[in-house]
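Hi everyone, thanks for making time this morning. I'd like to walk you through one structure, so please have a look at the screen before I start talking.

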Amino acid sequence: MFQLKSAYRQFTEEGYLILPQLFSGKQLETLLTSSNYVLEQFMEEHYRQNPNTDFLAMRHLNDPRWHRDTREHFNVIMETIADPRCLGSVEQIFAGPSLFRSTTYYANPQFTSQEGEWHRDSQFVVKDEQEEKKLLEQVWKSDGSYKGIQLQISLIDNDDLEYVPYSINRNDSPEENYIRYKDNKSHNREEGMPNAMRIALKAGDAVIFNPFGLHRGRYYKEISRRSLMLTYTPLSQPIYDSFSNQPWFGEPGYLDGLSPRAAAYLQQFTDIYRSSWAQP
Ligand SMILES: O=C(O)CCC(=O)C(=O)O
Ligand SMILES: [Fe+2]
């Protein structure tokens with residue numbers, strides 16, 4: 001009998017896991033409508049402040065500033081973060097409970113087209129290549145230390161994300177290192193990354209990927225993209241930074257009106273991070 005790898009093994013070995021039709025039908029439509037409702041407000045503000053200038057992504061769709069007129073779209077986004085379909089897959093990978101970290105929305109640019117830069121997210125939290133090697137070695141030793149895993153839901157058909165399967169458990173090969181780091185990172189938009197796989201998703205499909213593996217996006221004005229990304233850490237590994245800096249979770253009534261299950265899940269975020277938001 002043909003036996004697929006377990007989700008846990010697929011993710012830990014290859015660094016990514018496809019979740020076909022995580023959302024569909026009316027629910028998918030609603031999620032697209034609610035995400036776009038936030039995006040439109042963000043765009044209006046962004047283009048007013050930065051005329052004719054693209055942005056790669058927007059963060060924090062759950063910021064109450066986008067939901068002053070109605071809680072309808074807020075509820076959709078928050079219920080999605082805590083949806084058992086999302087948490088089920090994420091917690092299978094963590095082999096334990098998860099903690100919400102942040103939301104990001106990728107929408108195609110309006111004015112320009114460019115390839116994304118090949119990277120591992122580990123490079124953003126260290127000062128140089130040597131330090132990154134040490135960090136990755138620590139991660140491999142500690143077996144499952146995550147900065148956060150990304151659950152990206154394609155709300156429309158899209159294949160902008162590229163990933164190098166199995167790169168998560170090893171250092172760069174010389175070819176990979178050339179593209180990612182050499183000559184002051186000036187080659188990191190070049191073609192030819194060995195074994196790169198474009199992740200083709202239909203509307204409603206999702207991918208979970210470990211951002212410490214090699215990956216990049218693509219940002220073309222001609223290629224429509226609406227991908228909602230939810231980031232999670234293991235409950236036991238909170239990370240304090242701009243992603244978790246969401247003091248609005250501490251506002252009275254912030255979680256009112258959500259299902260008891262979603263409210264209980266998201267309350268953990270408030271409980272864990274609240275002290276880090278306190279003003280000195
Ligand atoms: O999906 C993209 O465009 C890039 C995603 C990425 O780099 C990340 O989530 O770490
Ligand atoms: Fe990344």
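Let me begin in the middle of a strand pairing. Ile153 sits across from Ala206, which belongs to strand 8. Before I go on, please keep in mind that this is a predicted model.

The strand that carries us through most of this talk is strand 5. Strand 5, residues 149-154, runs antiparallel to strand 8, residues 206-209, and 4 bridges join the two. Besides the pair I opened with, Gln152 faces Val207 of strand 8. Strand 5 also pairs with strand 11, residues 226-234, again in the antiparallel sense, and here there are 6 bridges. In that pairing, Gln150 stands opposite Thr231 of strand 11.

Now let's zoom out to the sheet. In what order do the strands of the open sheet come? The order is 1-8-5-11-3-2, which makes 6 strands with antiparallel pairing. At the edges are strand 1 (16-19) and strand 2 (58-59); each has a single partner strand, so one side of each has no neighbour in the sheet.

Back to strand 5: how many of its residues are buried? The count is 6 of the 6, so strand 5 is largely enclosed by the rest of the structure. Looking at the side chains, Ile149, Leu151 and Ile153 point one way, while Gln150, Gln152 and Ser154 point the other way, and all are buried.

That brings me to the nonpolar core. The largest one has 49 residues, and Val90, Leu151, Val207 and Ile208 have the most contacts inside it. Take Leu151 as a guide: leaving aside residues up to four places away in sequence, Leu151 touches Cys86, Val90, Ala206, Ile208, Met229, Leu230 and Tyr232.

Two of those contacts, Cys86 and Val90, lead us to helix 4. Which residues of helix 4 (residues 84-94) are buried? They are Cys86, Leu87, Ser89, Val90, Ile93 and Phe94. Viewed down the axis of helix 4, these buried residues fall within an arc of 165°, so they line one face of the helix. Just after helix 4 comes Ala95, with a positive phi of about 50°.

While we are on backbone angles, here are two others for your notes. Gln21, in the loop between strand 1 and helix 2 (25-49), has a positive phi near 45°. Tyr166, in the loop between strand 6 (162-163) and helix 6 (174-180), has a positive phi near 75°. Gln21 has 13 C-beta neighbours inside 10 Å, so it counts as partly exposed. Tyr166 has 14 such neighbours and is partly exposed too.

Next, the ligand. What surrounds ligand 1? Its shell is made of Tyr106, Gly116, Asp121, Gln150, Asp160, Leu161, Pro211, His215 and Gly217. By class, that is 3 nonpolar, 4 polar and 2 charged residues. You'll recognise Gln150, which we met in strand 5.

My last stop is Leu201, in the loop between strand 7 (197-198) and strand 8. Is Leu201 buried or exposed? Leu201 is buried, because 24 other C-beta atoms lie within 10 Å, and the cut-off for buried is 20 or more. Apart from residues up to four places away in sequence, Leu201 touches Ser154, Asn158, Asp159 and Val207. It also links back to the ligand shell: Leu161 is one of the residues around ligand 1, and the C-alpha atoms of Leu201 and Leu161 are 9.3 Å apart, with their positions 40 residues apart in sequence.

That's my tour, and I'm happy to take questions.

Methods: Residues are numbered from 1 along each chain as its sequence is written. Chains are lettered from A and ligands numbered from 1 in the order in which they are written. This is a predicted model: local features need pLDDT of at least 70, side-chain atom pairs count only at pLDDT 80 or more; totals for chains, interfaces and linings use all residues. Two strands pair if DSSP finds at least two bridges between them. Helices (H or I, at least four residues) and strands (E, at least two) are DSSP runs, numbered from the N terminus. A residue is near a molecule or strand if its C-beta atom, placed from the backbone, lies within 6 Å of it. Ala, Val, Leu, Ile, Met, Phe, Trp, Tyr, Cys and Pro count as nonpolar, Asp, Glu, Lys and Arg as charged, and the others, Gly among them, as polar. A residue is buried if 20 or more other C-beta atoms lie within 10 Å of its own, exposed if 12 or fewer, and partly exposed in between; C-beta atoms are placed from the backbone. Two residues are in contact if their C-beta atoms, placed from the backbone, lie within 7 Å. The arc is that of the directions from the helix axis to the C-beta atoms. A nonpolar core is a set of buried Ala, Val, Leu, Ile, Met, Phe, Trp, Tyr and Cys residues joined through C-beta atoms within 7 Å.
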